[in-house]
Amino acid sequence: MKQIILTGDRPTGRLHVGHYVGSLKERVKLQNSKRFDEIYIMIADAQALTDNAEHPEKVRQNIMQVALDYLACGIDPEKSTIFVQSMVPELTELTFYYMNLVTVSRVQRNPTVKAEIQQRNFEASIPVGFFCYPISQAADITAFRATAVPVGEDQLPMLEQCKEIVHKFNTVYGETLTEPEIILPENAACLRLPGIDGKAKMSKSLGNCIYLSDEPETIKKKIMSMFTDPNHLRIEDPGKVEGNPVFIYLDAFCRPEHFTEFWSDYSCLDELKDHYRRGGLGDVKVKRFLNDVMQAELQPIRERRKMWEQRLPELYELLEEGCKVARKKAAETLQEVRHSMKIDYFEDRNLLK
Ligand code: TRP
């Protein structure tokens with residue numbers, strides 16, 4: 001069986017380091033592993049519109065931004081097809097057929113949908129389109145026959161729902177769709193990077209993000225203002241590393257080489273943590289180190305982004321071409337789906353019999 005990746009992001013803003021460690025980095029690794037026959041990376045504009053119906057301009061503005069962030073991280077257009085969701089209308093048709101295989105109460109129980117309804121204060125007025133986005137996400141995944149979906153941990157319920165739809169479809173209409181597998185980063189700190197304010201999630205609306213496109217001074221300012229252990233008031237005080245954003249970021253970004261390069265007083269992160277726990281190590285020093293580590297990781301990303309910013313017409317063409325490739329693939333699956341559902345009326349002259 002072909003090994004195929006499909007994944008994507010909503011274009012509602014520039015991508016941040018939470019996206020990076022939570023999924024983008026993994027995608028680049030998988031892309032370069034040569035284990036995959038086809039890789040599709042989707043800019044999920046139609047899904048972004050499910051809760052931004054009144055702000056299509058915001059979504060539009062971020063198409064190119066997200067594409068730039070992808071290339072900046074090392075998504076290679078020679079190896080991966082980048083495309084825009086709404087340019088593949090076959091996905092909408094698939095969604096419509098899948099809707100019949102899912103109950104309202106099942107979507108209501110989807111934990112991600114539940115949480116998002118709360119965050120958006122949608123309780124009393126949930127847009128139907130928004131409510132159905134897990135179903136459309138199953139269409140995205142299955143249209144490309146994805147076997148692997150590298151995403152952030154928050155997408156787990158979406159993948160479960162997708163698998164159920166695959167199962168139901170195949171049971172009702174015969175073996176047609178491919179079951180996907182979620183791929184999460186192994187490093188626990190990468191699963192959910194907190195915001196710089198210590199809040200559980202980095203999110204644009206909370207204003208607690210470090211963006212991949214941030215300039216070095218901005219990154220430094222954000223890191224130096226980061227939330228740490230609130231009880232670590234004086235340098236002598238023992239500090240807590242669990243739940244301390246500075247250490248979670250170090251868990252996510254730091255490698256032993258960083259100590260050799262930036263802070264040879266310690267040989268590894270565990271040694272640094274021990275000192276912090278004992279007391280006698282100030283937050284400022286740790287933050288300066290985190291800044292060195294993150295600057296080293298983000299610099300090549302920012303530079304690649306700037307390089308592509310100079311080549312926007314090329315990027316634009318690349319996206320347009322990607323949409324054509326993606327559309328062809330989705331159309332093939334849709335044809336098979338219609339066949340399995342016996343709604344391919346004019347494929348043969350069967351209706352005449
Ligand atoms: N839900 C994803 C996000 O919020 C975007 C997305 C849409 C997606 N369709 C997908 C991700 C299919 C993986 C597979 O960013």
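**Exercise 1. Ligand contacts.** Determine how far a polar side-chain atom of Gln-137 lies from a nitrogen atom of the ligand, and place this contact among the surroundings of the ligand.

*Solution.* Step 1: the separation for Gln-137 is 3.0 Å. It is judged against the definition of a polar contact, a pair of N or O atoms within 3.5 Å; within protein, one must be able to donate a hydrogen and the other to accept it, and residues adjacent in sequence count only if both atoms are side-chain atoms. The model is predicted: local features need pLDDT of at least 70 and side-chain atom pairs count only at pLDDT 80 or more, while totals for chains, interfaces and linings use all residues. Residues are numbered from 1 along each chain as its sequence is written, and side-chain values use heavy atoms, with hydrogens and water left out.

Step 2: Asp-140 also places a polar side-chain atom by a ligand nitrogen, at 2.7 Å. For Arg-10, the partner is an oxygen atom of the ligand, 3.2 Å away from a polar side-chain atom.

Step 3: a residue counts as near the ligand if one of its heavy atoms lies within 4 Å of it. There are 14 residues around the ligand, of which Met-42, Gln-47, Gln-137, Asp-140 and Gln-155 come nearest.

**Exercise 2. From Met-42 to strand S3.** Identify the bridge partner of Met-42 in S3, and describe the side-chain directions in that strand.

*Solution.* Step 1: the partner is Phe-83. Strands here are DSSP E runs of at least two residues, and helices are H or I runs of at least four, numbered from the N terminus.

Step 2: strand S2 (residues 38-43) pairs with S3 in the parallel sense, over four bridges; pairing requires at least two DSSP bridges between the strands.

Step 3: in a regular strand the side chains alternate between the two faces of the sheet. In S3 (residues 81-84), Thr-81 and Phe-83 point one way, Ile-82 and Val-84 the other, and all are buried. Buried means under 20% relative accessible area, exposed over 50%, and partly exposed in between (1.4 Å probe, protein chains only).

**Exercise 3. Helix H11.** Establish which residues of H11 are buried and which are exposed.

*Solution.* Step 1: in H11 (residues 216-224), the buried residues are Ile-219, Lys-222 and Ile-223. They cover an arc of only 95° around the axis, so they lie on the same side of H11; the arc is that of the directions from the helix axis to the C-beta atoms.

Step 2: Glu-217 and Lys-221 are exposed on the other side of H11.

Step 3: helix H15 (283-309) is what the buried residues of H11 pack against.

**Exercise 4. Positive phi.** State where Asn-121 and Arg-145 are found, and whether each is buried or exposed.

*Solution.* Step 1: most residues other than glycine have a negative phi. Asn-121, although not a glycine, has a positive phi of about 55°. For Arg-145, phi is near 55°, again a positive value in a residue other than glycine.

Step 2: Asn-121 belongs to the loop between helix H6 (111-119) and helix H7 (128-131). Arg-145 occupies the loop between helix H8 (133-143) and strand S4 (148-150).

Step 3: Asn-121 is exposed, with a relative accessible area of 61%, whereas Arg-145 is buried at 16%.

Note on methods. Contact = heavy atoms within 4.5 Å.
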